[in-house]
Amino acid sequence: MSKNVELIKYLTTRRSVPLPFLEEPGPGKEDLDLILSIGTRVPDHAKLCPWRLIVIKGDARGQAGEKLAQIAKAHNPELSEKELEVERMQFLPAPLTIGVLSVPVEHEKVVELEQVLSAGNVALNLVHGANALGFAAHWVTRWFAYDPEASTMLGAKGGEQFVAFVHIGTPKMRLEDKPKADLNKLVSNWEA
Ligand SMILES: Cc1cc2nc3c(=O)[nH]c(=O)nc-3n(C[C@H](O)[C@H](O)[C@H](O)COP(=O)(O)O)c2cc1C
């Protein structure tokens, strides 16, 4: 494999673009299929495919947000109209969101952690796939990934856990570069 300068540049400068700054146009069917293919081409011990994806787009974005607002209100009747509006906007204005569920199965060799990590890989690869097609993306979880009622409403079945909502769209802004991880602190050589 020869050195891919473009890919190195992308991998060393990649940034997310937060949900409020993701606009139309979003990926059409062909682009979405490619993003989903890239997203699911991940390390996956024993080829278990221990994940499931749910696409939220079009009118479903506002409908899901409205249901989140209702659940949030039921949990906390004190919420203000402004706070409820935040819930209604959880999938807007991004044109499209892909929810990633970890779906671990019983396996004699592959422990649950490995399967959850594979689902995390799907989420990051969806970000890479979106970026490769010229879109921007933001991986979020927020409260509804962990709230049983909200995650069930969004499509989680028993034993499944949302690990990501990957919002995808055209970037309205670009974040500045961020400080690099301090490899001197984070990396050491094992010595006997
Ligand atoms: C598992 C996971 C959950 C995350 N959840 C959120 C979230 O709920 N809200 C948020 O603003 N960022 C969240 N992030 C962080 C963003 O995806 C992103 O990494 C961050 O905005 C920094 O941007 P960068 O990707 O350009 O470094 C999450 C990241 C991971 C790995």
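This is a short tour of a predicted model, with a suggestion at each stop for what to select and a note on what is there.

**Stop 1: the whole chain**

Start with everything shown as a cartoon. You should find 7 helices and 5 strands. Coloured from the N terminus onward, the elements follow the order α-β-α-β-α-α-β-α-β-α-β-α. Switch to the C-alpha trace, and its extent along the principal axes is about 60 × 45 × 40 Å. Of the 192 residues in the protein, 29% count as buried. If you like contact maps, here is a number to keep in mind: among contacts with a separation of 6 or more, 81% come from residues 24 or more positions apart.

**Stop 2: strand S3 and its partners**

Now select residues 96–102, which make up strand S3. How many of its residues are buried? The count is 7 of 7, so to speak a mostly covered strand. Show the side chains and look at which way each residue points: Leu96, Ile98, Val100 and Ser102 go one way, while Thr97, Gly99 and Leu101 go the other, and all are buried.

Add residues 51–57, strand S2, to the selection. S2 and S3 pair in the antiparallel sense, with 7 bridges between them. To get your bearings, pick Trp51, which stands opposite Ser102 in S3.

Next add strand S5, residues 161–171. The pairing of S3 with S5 is also antiparallel, over 7 bridges. A handy marker here is Gly99, which has Phe165 of S5 opposite it.

**Stop 3: Phe91**

Step back along the chain to Phe91, in the loop between H4 and S3. Is this loop residue buried or exposed? Phe91 has 23 C-beta neighbours inside 10 Å and therefore counts as buried; the cut-off is 20 or more. Leaving aside residues up to four places away in sequence, Phe91 touches Ile56, Arg61, Ala64, Gly65 and Thr97. You can also draw a distance from Phe91 to Lys57: they are 34 residues apart along the chain, yet their C-alpha atoms are separated by 8.4 Å.

**Stop 4: helices H3 and H4**

Select residues 59–75 for H3 and 81–88 for H4. Two packed helices are described by the angle between their axes and the distance between the axes. For H3 and H4, the packing angle is about 135° and the axes are 7 Å apart. The two helices are therefore oblique to each other, and H3 passes H4 in a right-handed crossing. To see the contact itself, show Gly65, Glu66, Leu68, Ala69, Ala72 and Lys73 on H3, then Leu84, Glu87 and Arg88 on H4. Coloured by class, these residues divide into 4 nonpolar, 1 polar and 4 charged. Gly65 will be familiar from the previous stop, as one of the residues that Phe91 touches.

**Stop 5: helices H2 and H5**

Finish with residues 29–39, helix H2, and residues 112–132, helix H5. Their axes come within 7 Å and cross at roughly 140°, which makes H2 oblique to H5. The crossing of H2 past H5 is right-handed. On the H2 side, the contact is made by Leu34, Ile35, Ile38 and Gly39; on the H5 side, look for Val122, Asn125, Leu126, His128, Gly129, Ala130 and Ala132. What classes of residue make up this contact? There are 7 nonpolar and 4 polar residues, and no charged ones.

Terms used: Residues numbered from 1 in each chain as written. Predicted model: local features only at pLDDT ≥ 70, side-chain atom pairs only at ≥ 80, totals over all residues. Axes fitted to C-alpha atoms, helices over the stretch in contact; angles between N-to-C directions. Helix = DSSP H or I, 4+ residues; strand = E, 2+ residues; numbered from the N terminus. Parallel < 35°, antiparallel > 145°, perpendicular 65-115°, else oblique. Left-handed = near helix turned anticlockwise from the far one by under 90°. Contact = placed C-beta atoms within 7 Å. Nonpolar A, V, L, I, M, F, W, Y, C, P; charged D, E, K, R; others polar. Buried ≥ 20, exposed ≤ 12 C-beta atoms within 10 Å, placed from the backbone. Pairing = 2+ DSSP bridges.
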